[in-house]
Structure formats: structure tokens, C-alpha cells
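Grab a pencil and open the viewer. Here are a few short exercises, each with a solution worked out in steps.

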Amino acid sequence: MNKERRLIIAGNWKMNKTVAEALSLVEDLTRAVASVKEVDIVVCPPFTALESVSRAILESKNIKLGAQNMSENHFGAFTGEICAGMLKEFSVRYVILGHSERRQFQKESDALIARKAAAAHAASLKPIVCVGETLAEREGGQMEQVLETQVRGSLAGLTKEQMVETVIAYEPVWAIGTGKTATTQQAQDAHAFIRAQLAKMFDEATARKVRIQYGGSVKPNNAQELMSQPDVDGALVGGAALESRSFADIIKNSV
Ligand code: PEP
């Protein structure tokens with residue numbers, strides 16, 4: 001598939017997989033995608049499996065490591081938190097920020113996510129910043145307002161250079177883990193809207209370089225159609241990333 005931007009497909013394992021299970025998954029995945037060169041592949045295990053997975057993909061040329069969250073602070077008295085420097089010890093390259101589950105359960109605000117994104121860049125980690133509307137917001141005609149607020153708030157203060165090194169994940173909350181996927185047109189429209197906001201916040205050239213992933217019940221059978229949309233530059237995958245076969249098939253069907 002000929003894309004303007006290089007595809008990035010990330011697996012968010014959430015609070016799943018023991019170390020042994022994580023190793024088994026990533027070893028199978030490494031074999032299954034060994035020949036794929038056209039996609040940045042990212043796996044995001046829980047913190048407890050980062051070290052083992054990091055070692056397991058040391059030799060892999062195409063699989064990179066991501067974390068699912070990090071602190072906005074760099075060190076100190078923040079019990080239970082993990083900072084960017086600690087992630088770097090395990091060669092983590094990406095960090096998911098502001099996932100809708102954290103926005104919902106940990107009440108993460110756009111302002112907090114923006115501070116985390118700044119902290120990630122300060123440590124040369126690439127943030128994957130998640131945005132997306134709920135079903136009530138979409139049905140209430142507020143989708144664009146919600147996306148604009150989240151994009152402006154969560155990316156506030158980034159330089160153009162940092163923005164280009166930031167990935168956005170558009171994840172309609174109603175499509176996450178529900179089996180309901182946005183239609184390709186709904187995904188494309190939301191991605192184009194987000195890119196237009198980036199052009200207003202930064203400039204056209206910057207907006208054109210930013211990769212925007214789609215997330216929400218991506219499966220092997222819908223990946224190709226979603227990725228064929230001009231503004232869809234990859235996927236953030238939850239459930240289907242927990243098995244090497246389905247995640248590898250999503251990746252292979254996307255190229
Ligand atoms: C997610 O949680 O980021 C996600 C997209 O989950 P799923 O693929 O299971 O809908």
C-alpha cells in the first residue's frame with residue numbers, strides 16, 4: 001500500500017500477560033512478522049514485562065517497545081508511578097498517553113496528558129496521544145468539539161519538531177473492546193478533522209507529517225480497508241494484539 005506516511009501499528013496489551021505469557025507472545029510475533037519491513041510495529045506490554053520483552057526483541061529489526069503510561073514527573077515522591085527515565089532503561093521508544101481508560105478511570109485531563117507528552121519528549125520518548133469521543137458525544141453532535149478540545153489540550157505546548165515525533169491515536173470510545181468498528185468513512189472523516197486541527201495549531205507541513213492511528217476493534221478482516229484511507233496511518237490495537245496470529249495478520253493485511 002502506497003502511503004504518504006509510514007504506517008505504525010501498536011499493540012496495547014493493557015493489564016494482561018504474565019512475563020512468561022508476554023515472552024511467548026512476542027517470540028511468536030517476532031517470527032510471524034520477520035519479513036515485514038514497511039511498518040513500524042510497537043508492542044506495549046504491562047510495566048512488569050517490559051524488561052523481558054525488551055530483551056526478547058533485542059535482535060528484532062522491526063519490533064519496537066512501548067509503555068502504556070508514564071508519570072509527568074522525572075523522579076521523587078510519587079508512590080506507584082514510573083517516569084520516562086525508568087522506561088528508557090528498557091529501551092522503550094514509545095509511550096501511550098491519555099488512553100480513554102485512563103481518562104475515564106484515572107480522570108486524566110488534557111492538561112495532564114500535555115505535561116506527560118512534554119516529559120516524554122524531554123526523554124526522547126515518542127508519545128502516542130489518544131483522543132476520541134464517547135457514543136453520547138457522537139450522537140449529541142459534539143464529536144468535532146470534543147476532538148478539537150482534546151487535540152488542542154493534550155498537545156498544548158509542543159514544538160513543531162516534537163509534534164512530528166508524536167503519534168495521535170483516534171479511538172472512538174464506543175468502538176474500544178466492543179466489536180463495533182467505525183466505518184472507514186467515519187474513521188477517515190475524524191482523522192481528516194484532527195489533521196486540520198493540527199494545521200491550525202502548527203502549520204500545514206507539520207500536520208501532513210503527523211501519523212494518526214485508528215483504534216477501536218481493529219481486526220485482521222477490517223485492517224486493510226481502514227488503512228486504505230488517506231489519513232489513517234496505522235492502528236492502535238487492543239484485544240486482537242493479545243494473540244500473535246491476529247496481530248500479525250492485522251500487520252500483514254495493512255501493507
Ligand atoms: C484500545 O484499547 O486501545 C483498543 C483499541 O482496544 P480494542 O482493539 O480491543 O478495541
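**Exercise 1.** Is lysine 116 buried or exposed?

*Solution.* Keep in mind that you're looking at a predicted model.
- Start by finding the residue: lysine 116 sits in helix H5, which covers residues 110–122.
- Next, take its relative accessible area, which is 3%.
- Buried means under 20%, so lysine 116 counts as buried.
- Finally, look for a partner from elsewhere in the chain: leucine 97 is 19 residues apart from lysine 116 along the chain, and their C-alpha atoms are separated by 7.3 Å.

**Exercise 2.** Work out whether glutamate 133 is buried or exposed, and find a side chain that makes a polar contact with glutamate 133.

*Solution.*
- Glutamate 133 belongs to the loop that runs between strand S5 (126–131) and helix H6 (135–139).
- Its relative accessibility is 0%, so glutamate 133 is buried.
- The partner is tryptophan 174: its side chain and that of glutamate 133 are joined by a polar contact of 3.0 Å.

**Exercise 3.** Check the length of helix H1, then find out where its buried residues point.

*Solution.*
- Helix H1 has 14 residues, 19–32, and at 1.5 Å a residue it should span 20 Å.
- Its end C-alpha atoms are 20 Å apart, so the expected span and the model agree.
- Now pick out the buried residues in H1: Ala22, Leu25, Val26 and Leu29.
- Looking down the axis of H1, you'd see the buried residues fall within an arc of 90°, so they line one face of the helix.
- That spacing makes sense because an α-helix has 3.6 residues a turn, so residues three or four places apart point the same way.
- On the other side of H1 you'll find Ala20 and Arg31, both exposed.

**Exercise 4.** Describe the surroundings of the ligand: which residues come nearest, and what classes make up the shell?

*Solution.*
- There are 14 residues around the ligand, and Lys14, Glu171, Gly177, Ser217 and Gly239 come nearest.
- Sort the shell by class and you get 4 nonpolar, 8 polar and 2 charged residues.
- Then go through some distances to ligand oxygen atoms. A polar side-chain atom of glutamate 171 is 2.7 Å from one.
- For histidine 99, an N or O atom of the side chain is 2.8 Å from a ligand oxygen.
- With glycine 239 it's a polar backbone atom, 2.8 Å from an oxygen of the ligand.
- To finish, ask how covered the ligand is: on its own it has 290 Å² of accessible area, and the protein covers 97% of that.

Terms used. Residues are numbered from 1 along each chain as its sequence is written. This is a predicted model: local features need pLDDT of at least 70, side-chain atom pairs count only at pLDDT 80 or more; totals for chains, interfaces and linings use all residues. Side-chain values use heavy atoms; hydrogens and water are left out. A residue is near a molecule or strand if one of its heavy atoms lies within 4 Å of it. A polar contact is a pair of N or O atoms within 3.5 Å; within protein, one must be able to donate a hydrogen and the other to accept it, and residues adjacent in sequence count only if both atoms are side-chain atoms. Accessible areas come from the Shrake-Rupley method with a 1.4 Å probe; for residues, only the protein chains shown count as cover. Ala, Val, Leu, Ile, Met, Phe, Trp, Tyr, Cys and Pro count as nonpolar, Asp, Glu, Lys and Arg as charged, and the others, Gly among them, as polar. Helices (H or I, at least four residues) and strands (E, at least two) are DSSP runs, numbered from the N terminus. The expected span of a helix is 1.5 Å times one less than its number of residues. Buried means under 20% relative accessible area, exposed over 50%, partly exposed in between (1.4 Å probe, protein chains only). The arc is that of the directions from the helix axis to the C-beta atoms.
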